[in-house]
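Student: I would like a close look at a single part of this model, namely its pockets.

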Amino acid sequence: MPVKGLIHYALEVPKATTWEKFYQDFGLEETDSRGNSIQFKTARGSGELLLYEGPKKRLHHIALAAPGDEFEAVRAALKRANVAEIDPPKDAPQVGIWFRDPDGNLINVRQEAKPAIPPEPPRAYNVPGNPTRPPATRNVPDFDRAKPRRLGHELFFTPDPDAATRFYTETLGFKISDLVPGVLSFMRCTTDHHNIAFAKSTHRGFHHASYEVGGFDEIGMGAMHMKESGWEPAWGMGRHVIGSNVFYYIKDPAGSYAEYFHDIDYIPEDAEWQPREWDPKYALYCWGPDVPADFIVNKEEP
């Protein structure tokens, strides 16, 4: 896999100060604000999100990691696919390769590695017949909100999921993890089940970005904090079928989503994982509240 991870994504949004508060309440930490951008990082990561002021909400760009020789492998693959390198936007980081994917999304590939987050100790739970928590202790959260550790994945709308899947696998080296044929595709460039996914729509758009937290309690505390801060709950808590992760979605100021996740499928690069084609009615979740009617509706203007 020439591409080895997600570095960040960037959104163009109106009323950027409203979005700034949303992501602060969500648990991201502001690192810099200069010119037309606001930059955020996770509690244990590097830069994960950039916000640019603009007339309407849309994806500005995605930055991907291709360390060492993988960087030139990406450049060679783009040349073979007749994908032109272009100049970066004047307000964007002036590094790496810039180009557009088949839907016109702006992509930046950089010759750098995504920093690994430090491992955390496993959580002890009392389960039937096997109480593993230290005796005479309480297992209640000692925190009042979520602190996302890292950006895990993003989901985008596309008019042609098959074409998007071919480009990201054949040109950038992503691997297919699971599919809902003609409707959804899930691909990975790390050991997570998916790092980029595409959903069928009439036009391109941004659906959600998902951040890993430390457990079920942290998802719940994050959800409560966001609700108390005035943000609209969207869907969850529940467990997805594809990826197996526990989830909770909050509506952002434009009606798309930010997600907390925990316990996603782990797929090492040499694992014998077989992608599965899922029936749509079984694809989204195995437990949780009913799926909102507008959950897979593209709310961006064409």
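Student: How many residues line the largest pocket, and which of them lie nearest its centre?

Tutor: This is a predicted model, in which local features need pLDDT of at least 70 and side-chain atom pairs count only at pLDDT 80 or more, while totals for chains, interfaces and linings use all residues. Residues are numbered from 1 along each chain as its sequence is written, and side-chain values use heavy atoms, with hydrogens and water left out. The largest pocket (on a 1 Å grid over the protein atoms alone, an open set of points where a 1.4 Å probe fits, with protein on both sides within 12 Å along at least five of seven lines) is lined by 35 residues, and Ile117, Pro118, Arg150, Asp192 and Glu212 lie nearest its centre; a lining residue has an atom within 4 Å of a point. Two or more lining residues come from each of strand 1 (5–13) and strand 10 (150–158), strands being DSSP runs of E with at least two residues, numbered from the N terminus, and strand 10 gives the largest share, 3 residues. By class, this lining holds 16 nonpolar, 8 polar (Gly among them by the convention used) and 11 charged (Asp, Glu, Lys and Arg) residues. The volume of the largest pocket, taken as the space filled by probe spheres set on the points, is about 870 Å³.

The second largest pocket holds about 350 Å³ of space, and of its 21 lining residues, Lys57, Arg58, Arg204, Glu300 and Glu301 lie nearest the centre. The lining of this second largest pocket divides into 8 nonpolar, 6 polar and 7 charged residues, with the largest share, 3 residues, coming from strand 14.

Notes. Helix = DSSP H or I, 4+ residues; strand = E, 2+ residues; numbered from the N terminus.
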